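Dear colleague,

Here is the structure I promised to hand over to you. Please open it beside this message, and read on once you have had a look around.

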Amino acid sequence: MERIEIKTRESTELIDITGKVKEIVNSKDVDSGICVIFTKHTTTGIIINENESGLKRDILALLNELIPKGKGYLHDRIDDNAHSHLRSVVLGSSVAIPIEKGNLTLGRWQSIFFVECDGPRRREVCVKVVEG
Ligand code: ZN
């Protein structure tokens, strides 16, 4: 398994990791298989969508609107970041992408994003390439 280290800069932020994931897949010499991208943190997410600056801001605005900070969440009694955990729940912690002819089968407009929901922090994303 490979790891991608990420140093986030904002409290909430989308970081395109497509290039790094592609590098890992290409280094594996796997013709057909699956690539799993997984975040080990409870206040981050992994999503696939279009890397367009307006859309990225729309996604952050949506997270803010759906799950605003400090809405009386119970977990805020412990460390004041319930909204970060809840955003992670909505986003999900992993994606799986088929590999064909040695490449990720991403669509033309699809990029892989790491989503920081409680930054800035040092983060780690796991990438596992399985042949089959
Ligand atoms: Zn917490």
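To begin with the whole chain, 42% of the 132 residues of the protein count as buried. Please keep in mind that this is a predicted model, and that what follows was computed from it.

The protein has 4 helices and 8 strands, and if you follow the chain from the N terminus, these elements come in the order β-β-α-β-β-α-α-α-β-β-β-β. The radius of gyration is 16 Å, close to the 14 Å that the globule rule gives for 132 residues, so the protein is as compact as a globular protein of that length. Along the principal axes, the C-alpha trace spans about 50 × 30 × 25 Å. The accessible surface comes to about 7,800 Å², and carbon and sulfur atoms account for 48% of that area. When one takes the contacts between residues at least 6 apart in sequence, 81% of them join residues that are at least 24 apart.

Next, please turn to the metal site. Which residues coordinate the zinc ion? The donors are NE2 of His75, two OD atoms of Asp79, OD1 of Asn81 and NE2 of His85, and they lie at 2.1 to 2.6 Å. Read along the sequence, these donor residues follow the spacing H-x3-D-x1-N-x3-H. Two of the residues at this site can also be described by their exposure: buried would require a relative accessible area under 20% and exposed one over 50%, so His75, at 27%, is partly exposed, and Asp79, at 40%, is partly exposed as well.

Helix 4, which covers residues 82-91, has as its buried residues Ala82, His83, Ser84, Arg87, Ser88 and Leu91. As background for reading such a list, an α-helix has 3.6 residues a turn, so residues three or four places apart point the same way. What do the buried residues of helix 4 pack against? Their partners are strand 4 (44-49), helix 2 (53-66), helix 3 (76-79) and strand 7 (111-116). Just after helix 4 comes Gly92, which takes a positive phi of about 90 degrees.

Finally, a word on the aromatic rings. The count of aromatic pairs comes to 0, but there is a charge over a ring to look at, since the charged end of Arg108 sits over the ring of Trp109, 4.3 Å from the centre of that ring.

With best wishes

Technical notes. Residues numbered from 1 in each chain as written. Predicted model: local features only at pLDDT ≥ 70, side-chain atom pairs only at ≥ 80, totals over all residues. Heavy atoms only, no water. Phe/Tyr/Trp six-rings, centres within 6.5 Å; stacked < 30°, edge-to-face > 60°. Lys NZ or Arg CZ within 6 Å of the ring centre and 35° of its normal. Donors = N, O, S within 2.8 Å, 3.2 Å for Na, K, Ca; no water. Buried < 20%, exposed > 50% of the residue type's maximum accessible area, 1.4 Å probe, protein only. Helix = DSSP H or I, 4+ residues; strand = E, 2+ residues; numbered from the N terminus. Contact = heavy atoms within 4.5 Å. Rg over C-alpha atoms; globule rule 2.2 N^0.38 Å. Areas by Shrake-Rupley, 256 points an atom, 1.4 Å probe, with all protein chains shown as cover.
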